[in-house]
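The following exercises invite the reader to examine a single model step by step. Each task is followed by a worked solution.

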Amino acid sequence: MKKEVLMFLSNGYADWESGYISAELNKQESEYKVRTVALTSDNVKSMGGFTVVPDYTLDSLPAQYEMLILIGGTGPEIHWII
């Protein structure tokens, strides 16, 4: 079973920051799988205009995960989590 890596996405997240790491972590031969987290289950929009439906909210995080990656951007939500 693959280990989960969670990426926190806020509205206005810098989509390019998540691209390289998620591509590597999601390779078929990798032992990891990437899932997204946001404050709510509402769609999250990146600086580049991509819309993402988060896999988890802060209230529904799995009991175990390998790491949490905080993606930067313009959203004020990131200050809430830190």
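**Exercise 1.** Which residues in H1 are buried?

*Solution.* The model is a predicted one. Step one is to locate the helix: H1 covers residues 15-25. Step two is to list its buried residues, which are Asp-15, Ser-18, Ser-22 and Leu-25. Step three is to view these residues down the axis of H1: they fall within an arc of 95°, so they line one face of the helix. On the other side of H1, Trp-16 and Tyr-20 are exposed. Finally, the buried residues of the helix pack against S1, S2 and strand S6 (67-70).

**Exercise 2.** Determine whether Ser-18 is buried or exposed, and describe its surroundings.

*Solution.* The relative accessibility of Ser-18 is 11%. Buried means under 20%, so Ser-18 counts as buried. Next, consider its side chain, which reaches the backbone oxygen of Asp-15 at 2.8 Å. Leaving aside neighbours within four places in sequence, Ser-18 is in contact with Met-7, Tyr-13 and Ile-71.

**Exercise 3.** Identify the residues of the largest nonpolar core, and the elements that give two or more residues to it.

*Solution.* This core has eleven residues, among them Met-7, Tyr-13, Leu-25 and Ile-71. Two or more residues come from each of strand S1 (3-8) and strand S2 (32-38). To relate the core to the helix, take Met-7: beyond its neighbours within four places in sequence, its contacts include Ser-18, Ser-22, Val-34 and Ile-69. Of these, Ser-18 and Ser-22 are buried residues of H1, whereas Val-34 and Ile-69 belong to the core.

Notes: Residues are numbered from 1 along each chain as its sequence is written. This is a predicted model: local features need pLDDT of at least 70, side-chain atom pairs count only at pLDDT 80 or more; totals for chains, interfaces and linings use all residues. Side-chain values use heavy atoms; hydrogens and water are left out. Helices (H or I, at least four residues) and strands (E, at least two) are DSSP runs, numbered from the N terminus. Buried means under 20% relative accessible area, exposed over 50%, partly exposed in between (1.4 Å probe, protein chains only). A polar contact is a pair of N or O atoms within 3.5 Å; within protein, one must be able to donate a hydrogen and the other to accept it, and residues adjacent in sequence count only if both atoms are side-chain atoms. Contact means heavy atoms within 4.5 Å. A nonpolar core is a set of buried Ala, Val, Leu, Ile, Met, Phe, Trp, Tyr and Cys residues joined through side-chain atoms within 4.5 Å. The arc is that of the directions from the helix axis to the C-beta atoms.
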